[in-house]
Amino acid sequence: MVTKNSQLQRSTATGSVVRLALLGAMAAGALYTARARRRIAFTGRTVLISGGSRGLGLELARLFAAEGANLALIARDAEELSQAARELESHGTRTFTYPCDITDSIQVRQAVAAVIEQVGHIDVLVNNAGIIQVGPMENMTLSDYEQAMAVHFWGPLSLINAVVPHMKALGHGRIVNITSLGGKVAISHLLPYVASKFALVGLSEGLRAELIKNRIYVTTVCPGLMRTGSHLHAMFKGKHKQEYALFALANASPLLSTSSKAAARAIVEACRYGKAEITITPQARLLRILNGLYPSFVAESFGILNRALPGANQEPDGYVAKPGGASRSMLAPALLTRRSDAAAARNNEVPAEMAIDSLPPGAQR
């Protein structure tokens with residue numbers, strides 16, 4: 001009797017394993033089929049990139065161009081747009097530029113209408129434009145939060161509202177929202193940035209569910225630190241030189257950051273397959289996992305880390321936002337920031353007021 005029961009139990013267990021294996025294989029096959037069906041080529045498609053004149057936006061433009069896409073770049077600075085267009089057009093890429101402040105919904109609608117009129121269609125929208133304010137909470141003002149929300153939430157929403165009806169008419173579309181690890185895990189001394197990126201993550205994830213029925217696939221991109229060259233344009237408050245030094249050194253470290261090229265490749269691939277979400281850099285993925293499993297531990301750890309960061313600057317100067325290019329000092333020597341400085345030179349991120357020869361030789365074009 002014992003032997004028969006044992007055999008019956010083994011048979012039942014074996015059957016369960018087989019059924020689970022079959023279900024797993026069927027699920028994997030369904031996922032593979034869905035992935036293959038959603039794959040698109042970018043040849044002949046029009047990609048609209050906000051903040052496309054420099055940094056990560058320019059890196060993305062280069063990759064989409066290499067795949068035969070038409071490019072529509074919008075940004076505030078007309079000269080930077082012209083510089084980006086000259087580079088892209090020198091390789092034979094059809095490039096349309098339109099100066100546009102995405103915080104102005106009227107300008108956004110005009111820019112989208114102009115692109116559609118000139119190019120005919122918009123197949124991919126990349127919400128990439130961004131700002132970053134670095135400093136302690138005590139030195140941040142309400143206007144810092146309003147500015148971050150205007151660029152990271154209301155701007156993308158205006159572009160999405162302008163583009164989605166067109167994509168619905170086309171019967172397809174891709175929207176890529178460049179958020180941040182800071183939209184998943186709150187990072188110290190980045191409160192306006194973090195709050196606005198959390199808002200964009202929520203918008204992006206909700207849009208994914210609502211638009212998929214229209215064959216419009218929304219991808220949420222959550223990068224960790226990237227060497228785009230944006231450290232020279234980031235705005236610093238409080239103890240400017242100390243804040244800049246910590247930010248620039250972390251941004252330049254290959255142990256903490258990834259190159260803008262690698263990040264752009266991952267984003268283009270996610271767009272190609274219509275992925276729901278990607279997190280860029282192993283460090284960012286690890287922190288997300290830890291925060292998901294042990295949120296209290298991560299919060300307490302950041303509280304301890306925050307004590308080691310520069311304190312508030314109560315002098316009037318501490319409330320003045322200064323760009324990274326004006327906050328450099330020997331606290332962040334060029335030898336240690338050369339990777340990010342090189343990215344700045346490559347990605348059109350060197351501010352006009354900074355002479356190119358002020359960068360270290362390895363960072364110059």
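## His189, a buried loop residue

His189 counts as buried, because its relative accessibility is 9%, where buried means under 20% relative accessible area, exposed means over 50%, and partly exposed covers the range in between, as found with a 1.4 Å probe and the protein chains only. The structure is a predicted model, in which local features need pLDDT of at least 70 and side-chain atom pairs count only at pLDDT 80 or more, while totals for chains, interfaces and linings use all residues. Residues are numbered from 1 along each chain as its sequence is written, and side-chain values use heavy atoms, with hydrogens and water left out.

In the chain, His189 sits in the loop that runs between strand S6 (173-178) and helix H6 (191-211). The backbone of His189 has a phi near 65°, which is a positive value in a residue other than glycine.

## The chain as a whole

The chain has 11 helices and 12 strands, both taken from DSSP runs (H or I over at least four residues for a helix, E over at least two for a strand) and numbered from the N terminus. Of the 365 residues in the chain, 47% are buried.

Among the contacts in the chain with a separation of 6 or more, 74% join residues that are 24 or more positions apart, a contact being heavy atoms within 4.5 Å.

## The second largest pocket

His189 also has a place in the lining of the second largest pocket, where Ile187, Ser188, His189, Leu191 and Asn306 are, of the 22 lining residues, those that lie nearest the centre. A pocket here is an open set of points on a 1 Å grid over the protein atoms alone, where a 1.4 Å probe fits and protein lies on both sides within 12 Å along at least five of seven lines; lining residues have an atom within 4 Å of a point.

Helix H10, which covers residues 295-308, gives the most to the lining of this second largest pocket, with six residues.

## Asn348, beyond helix H11

Asn348 likewise has a positive phi in a residue other than glycine, near 65°, and its place is in the segment after helix H11 (334-346). Asn348 counts as buried because its relative accessibility is 7%.

## Two buried residues and their contacts

His166 belongs to helix H5, which covers residues 142-170, and it counts as buried because its relative accessible area is 15%. When neighbours within four places in sequence are left aside, the residues in contact with His166 are Ile116, Gly120, His121 and Ile122.

Thr93 is placed in the loop between helix H3 (78-89) and strand S3 (95-99), and it counts as buried because its relative accessible area is 9%. Not counting residues up to four places away in sequence, Thr93 touches Ala65, Ala69, Leu71 and Leu88. The C-alpha atom of Thr93 is separated by 7.3 Å from that of Gly68, although these two residues are 25 residues apart along the chain.

## Cysteines

Cys222 counts as buried because its relative accessibility is 0%, and Cys271 also counts as buried because its relative accessibility is 1%. A search of the whole structure finds zero disulfides, a disulfide being a pair of cysteine sulfur atoms within 2.5 Å.
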